[in-house]
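A student and a tutor go through one chain together. The questions come first, the reasoning after.

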Amino acid sequence: MRHVAIVGSGPAGYYTAEALQKAEDIAIDVIDRLPVPYGLIRTGVAPDHQSIKAVSRRYEGVALTDNVRFVGHVSVGGDVGIDELTDLYDAVVLATGAPHDRPLDIPGADRPGVIGSAAFVGWYNGHPDFAALDPPLDAPGVVVIGNGNVALDVARILAKTPAEFAGSDIVAHARDALSASAVREIHILGRRGPHQIAMTPKELGELGHLERASPRVDPADLPPEGDDAMLEPGMRKSVTHLRSFAANPVAKPVTIDFDFFAMPVAIEGNGRAQRVIVERTELDADLRSHGTGETYAIEAGLVVSCIGYQTPPIPGVPYEHGRGRFASDEGRILPGLYAVGWARRGPSGTIGTNKPDGARIAELVLEDIGRGAGKAGRAGLDALLASRGVAPVTFRDWRRIEAAEVAAAIDGNPREKFTSVEAMLAAIGR
């Protein structure tokens, strides 16, 4: 029997497990530090995007196969070390994602009220690490830094009415805080222009259908319309949305302003964030942005930085600090140790990008381990954890947690997520 441990139960982890479980004589343990599976699907995808979250049912099908096991509430680096896992398993695959924010390196970034998107998204999605975040929503202005889909998610969630969250799985503390929010002016800052955004048409289009919020684009920021012909079709659709926002401004109580050619250079305030100093930029021939020296200020009591993520290092595992990911040769880190998904390639691509990535890493693993080395695998892990008083959460336990969340749902929502590990464990009698 061959034994593989996958550290991380998000999309990359389960796509890798799906590819591996089709092989003969193999047992796969998917280990996660939280008592609940699915990683980014549960706590990263926007709560009002339930169609995307539905992919978890595919992962559930993998988890219920005879040779795949969920091992929840087990901390790698705490309850068990990487070196111990590589001793117990023929292969260990790191699918830990990139859950940490890339630092915002400007003066004032450490002021209260400046929050990374991983933390803010985790707050409204009920991640236990961020449930107590309490972002300041008491000022009318918010600045969202970044020109990707995460920035759009943050702006949309801030702009929605309570009624618009019906059918979502936004958590109660966020729903209540947002219903009392004083936010009325949301600025999305991008260092470059409309042709350089990383926003997809669906997410942009949603902004045009919000009940109380209207997106706005300065027509002067748009390039000549004929230049759109050079764009790939998806980008062309996205820019078409921006042109529509510029041509058809609608007066609503909340505004979402796209500030293109805008680079934040400082965050000021008396004891907290109160304004963002922005420098106007221009693009050179290589489409790189450069400051022009012209600045302006945006009043903002909350600043959300959506400029990227990084994988946290693990002691003893080679790491590329400049890129925020594990150092590997196309997924091979060390003998018996691999990386997949964002932990391998950095925070790029969609959820679906992890499927071919997982399949490729599974191929490498099966090629490298052959028929296995007779290691202890899951039996060895169980014995080790038992000796340390660690009781893993099983997939059956997770389904009991899920049932309790579904039973607690209100207002037509699919579930009311538990936001603390203690509440999750209490649902299974621990």
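What follows is a short dialogue on fold, burial, strand pairing, aromatic pairs and a pocket.

Student: What should I know about the model and its numbering?
Tutor: This is a predicted model, where local features need pLDDT of at least 70, side-chain atom pairs count only at pLDDT 80 or more, and totals for chains, interfaces and linings use all residues. Side-chain values use heavy atoms, without hydrogens and water, and residues are numbered from 1 along each chain as its sequence is written.

Student: What radius of gyration does the chain have?
Tutor: The radius is taken over C-alpha atoms, and the globule rule is 2.2 Å times the number of residues to the power 0.38. For 430 residues, a compact globule would come near 22 Å. The chain agrees with that, at 23 Å.

Student: How many helices and strands does the chain have?
Tutor: Both are DSSP runs, numbered from the N terminus: helices are H or I with at least four residues, strands are E with at least two. The count for the chain is 15 helices and 19 strands.

Student: What share of the 430 residues counts as buried?
Tutor: Buried means under 20% relative accessible area, exposed over 50%, and partly exposed in between, with a 1.4 Å probe and protein chains only. By that cut-off, the buried share of the 430 residues is 54%.

Student: Why is helix 7 called largely enclosed by the rest of the structure?
Tutor: Helix 7 spans residues 149-159. Its buried residues include Asp153 and Arg156. The helix is largely enclosed because the buried count is 9 of the 11 residues.

Student: Which residue with positive phi follows helix 6?
Tutor: Helix 6 covers residues 117-125, and 9 of its 9 residues are buried. Among them are Phe120, Trp123 and Tyr124. After the helix, phi turns positive, near 80°, at Gly126.

Student: In strand 10, what is the bridge partner of His187?
Tutor: Strands pair if DSSP finds at least two bridges between them. Strand 8 (residues 185-189) has 4 of its 5 residues buried. It runs parallel to strand 7 (residues 141-145) over 5 bridges, and pairs in the parallel sense with strand 10 (residues 254-259), also over 5 bridges. In strand 10, His187 is partnered by Asp257.

Student: Which geometry does the Tyr38 and Trp398 pair have?
Tutor: Rings of Phe, Tyr and Trp (its six-membered ring) pair with centres within 6.5 Å; planes under 30 degrees apart are stacked, over 60 edge-to-face, the rest tilted. That rule gives 12 aromatic pairs. In the pair of Tyr38 and Trp398, the centres are 6.0 Å apart and the planes stand at 90°, so the pair is edge-to-face.

Student: How far apart in sequence are the parts that this pair ties together?
Tutor: Tyr38 lies in the loop between strand 2 (26-31) and helix 2. Trp398 lies in helix 14. The pair therefore ties together parts separated in sequence by 360 residues.

Student: Which residues are closest to the centre of the second largest pocket?
Tutor: On a 1 Å grid over the protein atoms alone, a pocket is an open set of points where a 1.4 Å probe fits, with protein on both sides within 12 Å along at least five of seven lines; lining residues have an atom within 4 Å of a point. The space in this pocket is about 240 Å³. Of the 14 lining residues, the closest to the centre are Lys53, Ser56, Asp169, Glu402 and Arg415.

Technical notes
Grid points are joined across faces, edges and corners, and a volume is the space filled by probe spheres set on the points.
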